[in-house]
Amino acid sequence: KMKVSYHGHSVVKIQTDKHTIVIDPFINGNGQTDLKVEDLKVDVILLTHGHNDHVGDTIQLAKQNNALVVAPFELATYLGWKGLNVHPMHIGGSHKFEFGTVKLTQAFHGSSYEEEDQKIIYTGMPAGILFKKEGKTVYHAGDTALYSDMKLLGEFEDIDLAFLPIGDNFTMGPEDAAIAAKWIKAKTVVPMHYNTFPVIEQNPKEFVSRLSGKNGKVMEAGESIKL
Ligand code: NI
Ligand code: MN
């Protein structure tokens, strides 16, 4: 059994029997979230890429919880230098952890971390995340354009729940995300990465009504699905 909850922008939390995992914990500065960094208890932080609206509060969260950070190699290395406990992975690789199996997929995007002194640190390739536990699969697409190899996910994975960005401008917009939804063949598709900033304003209900599989669900911040 696992409980998967959405917390605005690209923040997704997964609770298994023994562990709490959070993906892309952008909390401070995220007007769409219901979470507070001080209250959040996590064992594991999974990161898709280095952009600050995804790495978010990782450093504070990891330190206050002594949490493991799993991220693409360059980003993991960089966060390791900041004193965090990291596990680097890369695209196409999967690893079986005690808390579940993580596989990184492609994402067609950029990946960099902005330091406060106007310095950009490039953090390698961005990724999506497949999380598997007890026969269930959750796909978090990260930030990505539509790309045709998403069809491989539909062919070779059995995705129960997928989070797809619909904000447009930086990622897929609703039209492309609807095509992605068709290709990946997830049982349930949840839109993310919208309405956090004016430039990514979207109507998630309109996106859901556009899905040919009629398998979309808009999740409010704090809402959860049991798998
Ligand atoms: Ni990004
Ligand atoms: Mn983003």
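Histidine 49 counts as buried because its relative accessibility is 0%, where buried means under 20% relative accessible area, exposed over 50% and partly exposed in between (1.4 Å probe, protein chains only). Histidine 109, at 23%, therefore counts as partly exposed. The model is a predicted one, in which local features need pLDDT of at least 70 and side-chain atom pairs count only at pLDDT 80 or more, while totals for chains, interfaces and linings use all residues. Residues are numbered from 1 along each chain as its sequence is written, chains are lettered from A and ligands numbered from 1 in the order in which they are written, and side-chain values use heavy atoms, with hydrogens and water left out.

Both histidines serve the nickel ion (ligand 1), whose protein donors are His49 (NE2), His51 (ND1), His109 (NE2) and Asp143 (OD), lying 2.2 Å from it. Donors here are N, O and S atoms within 2.8 Å of the metal (3.2 Å for Na, K and Ca); water is not among the atoms, so sites may look incomplete. Along the sequence, these donor residues follow the spacing H-x1-H-x57-H-x33-D. Aspartate 143 also bridges to the manganese ion (ligand 2), and the two ions lie 3.2 Å apart.

Next to this donor in the numbering comes threonine 144, which counts as buried because its relative accessibility is 0%. The side chain of threonine 144 reaches the backbone nitrogen of phenylalanine 108 at 2.8 Å. Leaving aside residues up to four places away in sequence, threonine 144 touches (heavy atoms within 4.5 Å) several residues, among them the nickel donor His109, together with Ala107, Met150 and Pro165.

Note on methods
A polar contact is a pair of N or O atoms within 3.5 Å; within protein, one must be able to donate a hydrogen and the other to accept it, and residues adjacent in sequence count only if both atoms are side-chain atoms.
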